[in-house]
Amino acid sequence: MIKKKYYAGLLVCLLTMSMGLLGGCGKEGQEEELWEQETGETDSTTDSGEDDGEAVDKDGQSAGITFEAKDLEGNTVTEAVFAESELTMVNVWATYCNPCLSEMPELGELAGEYRSDEFQIIGIVSDVQEGADLEMTVYAATLVEQTGAAYPHLLLNESLFNAMLSGVSAVPTTFFVNENGEILDTVVGAMDKDSWKEKIDGLLEE
């Protein structure tokens, strides 16, 4: 069971993302301070010796991020999803973020323009927690339907936060992950379809 103290701190962290910016929604540099004030703990990205969601192989080298989460339809998704495509675009968004919602129709188009074994998109709803009020989950699902972003969208939990969101200070934030679960690139802010396509094609060619 996820600790109540964790969720209290996480909620405060997420609330700091609510200020709209030109390229995204968020406030830089406040998450660690707010986390410590609310929970009395340091941020999970500090060198505390605790599991940060990143697997380590027998030689002590990074073996890619690990997580387990539920999508909007209640399906369990793990880091194994990355092995299904050469490149995965993980788009972190929020229900209150206009730049996020504005780019999602074109992300939905991009998701259908590549072979599934070549490229896929996964969304993370950063302000709707797994097990949250049904109304919030339904609202997020409605936004996905309205924007045509017909790809999986994961609900936030502790595992997913530690694996990918502990350093996120604004939404949208987008990660590009290879088939081994290794992050290749990170983009903060929204972009248009042509710019995303150029980024995707460049990473696929590398």
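**Exercise 1.** Find which residues have the most contacts inside the largest nonpolar core, a set of buried Ala, Val, Leu, Ile, Met, Phe, Trp, Tyr and Cys residues joined through side-chain atoms within 4.5 Å.

*Solution.* The core has 49 residues, and those with the most contacts inside it are Phe-67, Trp-93, Met-164 and Ile-200. Buried here means under 20% relative accessible area, with a 1.4 Å probe and protein chains only. Next, look at the elements: those giving two or more residues to this core include strand E6 (87–93), strand E7 (119–129), helix H5 (158–165) and H6. E7 gives the most, with six residues. Helices (H or I, at least four residues) and strands (E, at least two) are DSSP runs, numbered from the N terminus.

A note on the model: it is predicted, so local features need pLDDT of at least 70 and side-chain atom pairs pLDDT 80 or more, while totals for chains, interfaces and linings use all residues. Residues are numbered from 1 along each chain as its sequence is written, and side-chain values use heavy atoms, leaving out hydrogens and water.

**Exercise 2.** Describe how helix H3 (residues 98–111) packs with helix H6 (residues 193–205).

*Solution.* Start with the geometry: the angle is about 45 degrees, and the axes are 10 Å apart. Axes are lines fitted to C-alpha atoms over the stretch in contact, with angles from 0 to 180 degrees between N-to-C directions. H3 is therefore oblique to H6 (not under 35, over 145 or 65 to 115 degrees). Then list the contact (heavy atoms within 4.5 Å): Glu-103, Glu-106, Leu-107, Glu-109 and Leu-110 of H3 meet Lys-193, Trp-196, Lys-197 and Ile-200 of H6.

Conventions:
Buried means under 20% relative accessible area, exposed over 50%, partly exposed in between (1.4 Å probe, protein chains only).
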